[in-house]
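Visitor: Hey, I've got a structure to look at and I'm new to this. Can you walk me through it?
Guide: Sure, let's put it up and start from the inside.

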Amino acid sequence: MKKLGFGLMRMPLTDPTDAAKVDVEQVKQMVDLFMQRGFTYFDTAIMYNNFASQRVAKQALVDRYPRDSFTLATKLHNGFFNSLEDRDTVFNQQLEQTGAGYFDYYLLHGIEAESLKKYEQFDCFNWLLDKKAKGLVKHAGFSFHDTPELLDEILTKHPEMEFVQLQINYLDWDSEWIRSRAVYEMAVKHGKPVIVMEPVKGGTLARVPEAAEALLKAREPEMSVPSWAIRFAASLPGVMVVLSGMSSVAQMEDNTAFMQDFKPLTEDEVALTGEVAKIINAQIAVPCTGCAYCAPGCPMQIAIPQYFSLYNEDMRENLAEKGWTVNFTNYENLTMKFGKAADCVACGQCEGVCPQHLPIIEKLKEVSAHFDH
């Protein structure tokens with residue numbers, strides 16, 4: 001299997017203010033190009049694209065290609081079951097929504113210390129093995145957002161899990177929050193193949209500061225900036241596939257081009273990504289990946305990831321010289337449909353589900369101080 005996977009999480013939209021309004025026709029073009037170039041791994045989940053992702057997988061992929069020609073992964077998220085029966089209800093809905101018949105890879109979604117308690121309480125590891133025994137799942141594993149120590153505990157207790165999905169990118173490689181290197185090394189220690197999520201960190205590593213881009217272009221002028229991020233992750237021994245949440249045919253063209261005949265980064269090139277990471281870390285205000293897990297439960301309907309993205313862009317600008325950027329208008333337009341950053345009631349729902357463990361409430365205060373005049 002080629003090492004690039006299509007993450008059906010940030011698909012192109014017909015309405016940029018509604019993640020469920022997916023441009024299915026463009027996704028079909030993307031799927032066709034992906035398959036034509038020999039790539040086969042697709043990744044979806046219940047809540048991706050505001051709960052539209054699994055149905056789009058059916059329309060753009062399952063209904064259009066023989067079932068044995070592609071690999072489909074989806075997940076059980078702890079937010080969607082509260083009983084033993086609920087687990088099967090969710091799974092059967094996923095089979096219905098995707099029309100897949102079975103799932104090649106099935107994951108317990110986003111395990112960290114708190115969610116692990118629920119997965120254990122409802123015996124989800126054994127439940128998943130039962131699905132595998134019945135032929136409804138080919139490979140059982142989980143995605144993970146916590147410490148290497150916790151990952152060690154889980155893999156020691158559940159050696160039957162066949163793979164782990166981890167957030168790995170060169171910006172988070174030595175991050176004190178994400179600890180990409182340490183969790184990756186723990187998975188390798190246990191002999192588990194790794195699937196990489198967030199290799200481009202929600203687009204952060206596609207739009208790097210000018211000084212960082214200059215370093216990359218000086219080394220390989222023909223390679224796109226995001227190619228460095230995906231190739232960094234794919235170069236790691238033990239990495240089975242790298243998921244990219246592609247949002248356009250152009251992104252699909254680029255990613256499949258440089259991954260078709262993939263060549264791992266050299267030691268010098270890996271060192272260069274470390275230099276780029278230092279430049280980015282010096283300028284990034286909120287290390288949000290845009291996964292949007294925080295948004296659906298917000299009682300004030302605040303567009304948290306979008307606001308963080310606008311804020312990050314402005315923090316990279318020399319505002320003392322400019323004074324105003326187009327992001328003030330972009331922010332105002334979003335507030336016509338969503339709550340303002342200032343509307344936050346500090347309920348903490350968002351922080352409870354954030355895979356990056358960000359201090360969202362405090363960061364929204366910063367966003368509000370910047371945009372809400």
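Visitor: OK, so how many residues are in the largest nonpolar core, and which have the most contacts inside it?
Guide: This is a predicted model, just so you know. Its largest nonpolar core has 86 residues, and F142, F144, L151 and Y170 are the ones with the most contacts inside that core.

Visitor: Take F144. What is it in contact with, skipping its neighbours within four places in sequence?
Guide: With those left out, F144 is in contact with I111, L150, L151, I154, V164, Q165, L166, V183 and M197.

Visitor: And what's in the second core?
Guide: That one is separate and has 23 residues, including L310, Y311, F328 and I360.

Visitor: F328 sounds like a helix thing. Which residues of α15 are buried?
Guide: Helix α15 runs over residues 326-335, and N327, F328, Y331, L334 and T335 are buried there. They cover an arc of only 125° around the axis, so they sit on the same side of α15.

Visitor: Why would residues a few places apart point the same way?
Guide: An α-helix has 3.6 residues a turn, so residues three or four places apart point the same way.

Visitor: Nice. What covers that buried side of α15?
Guide: The cover for the buried residues of α15 includes α13 (304-315) and α17 (360-371).

Visitor: Switching topic: how many aromatic pairs are there?
Guide: The structure holds 23 aromatic pairs. One of them is F125 with F142, an edge-to-face pair with 6.5 Å centre to centre and 75° between the planes. F125 is in helix α6 (residues 124-133) and F142 in strand β5 (residues 137-144), so this pair ties together parts 17 residues apart in sequence.

Visitor: Are those two buried or exposed?
Guide: Buried. F125 has 2% relative accessibility, and F142 has 0%.

Visitor: Got another pair for me?
Guide: Try W173 and F232. Their ring centres are 5.5 Å apart and their planes are at 85°, so that pair is edge-to-face. W173 is in the loop between β6 (163-167) and α8 (180-189), while F232 is in helix α10 (residues 225-234), so the pair ties together parts 59 residues apart in sequence. Both W173 and F232 are buried.

Visitor: Which residues make up an aromatic cluster?
Guide: F6, F34, F39, F42 and F70 form one.

Visitor: What about charges sitting over rings?
Guide: K138 lies over the face of Y102, 4.7 Å from the ring centre. Also, R231 has its charged end over the ring of W228, at 4.8 Å from the centre.

Visitor: Back to helices. How far apart are the ends of α4?
Guide: Its end C-alpha atoms are 22 Å apart. Helix α4 has 15 residues (84-98) and should span 21 Å at 1.5 Å a residue, so the two values agree.

Visitor: Which parts of α4 are buried, and what covers them?
Guide: R87, V90, F91, Q94, L95, Q97 and T98 are buried in α4. What covers them includes α3 (53-62), β3 (71-77), β4 (103-111), α6 and β5.

Visitor: What follows α4?
Guide: G99 does, and its phi is positive, near 65°.

Visitor: Last one: where is R219, and what does it touch?
Guide: R219 is in helix α9 (residues 210-219). Not counting residues up to four places away in sequence, R219 touches W228, T266, D268, E269 and L272. With a relative accessible area of 38%, R219 is partly exposed.

Definitions and conventions. Residues numbered from 1 in each chain as written. Predicted model: local features only at pLDDT ≥ 70, side-chain atom pairs only at ≥ 80, totals over all residues. Heavy atoms only, no water. Phe/Tyr/Trp six-rings, centres within 6.5 Å; stacked < 30°, edge-to-face > 60°. Helix = DSSP H or I, 4+ residues; strand = E, 2+ residues; numbered from the N terminus. Buried < 20%, exposed > 50% of the residue type's maximum accessible area, 1.4 Å probe, protein only. Lys NZ or Arg CZ within 6 Å of the ring centre and 35° of its normal. Arc of directions from axis to C-beta. Contact = heavy atoms within 4.5 Å. Expected span 1.5 Å × (residues − 1). Core = buried A, V, L, I, M, F, W, Y, C linked by side-chain atoms within 4.5 Å.
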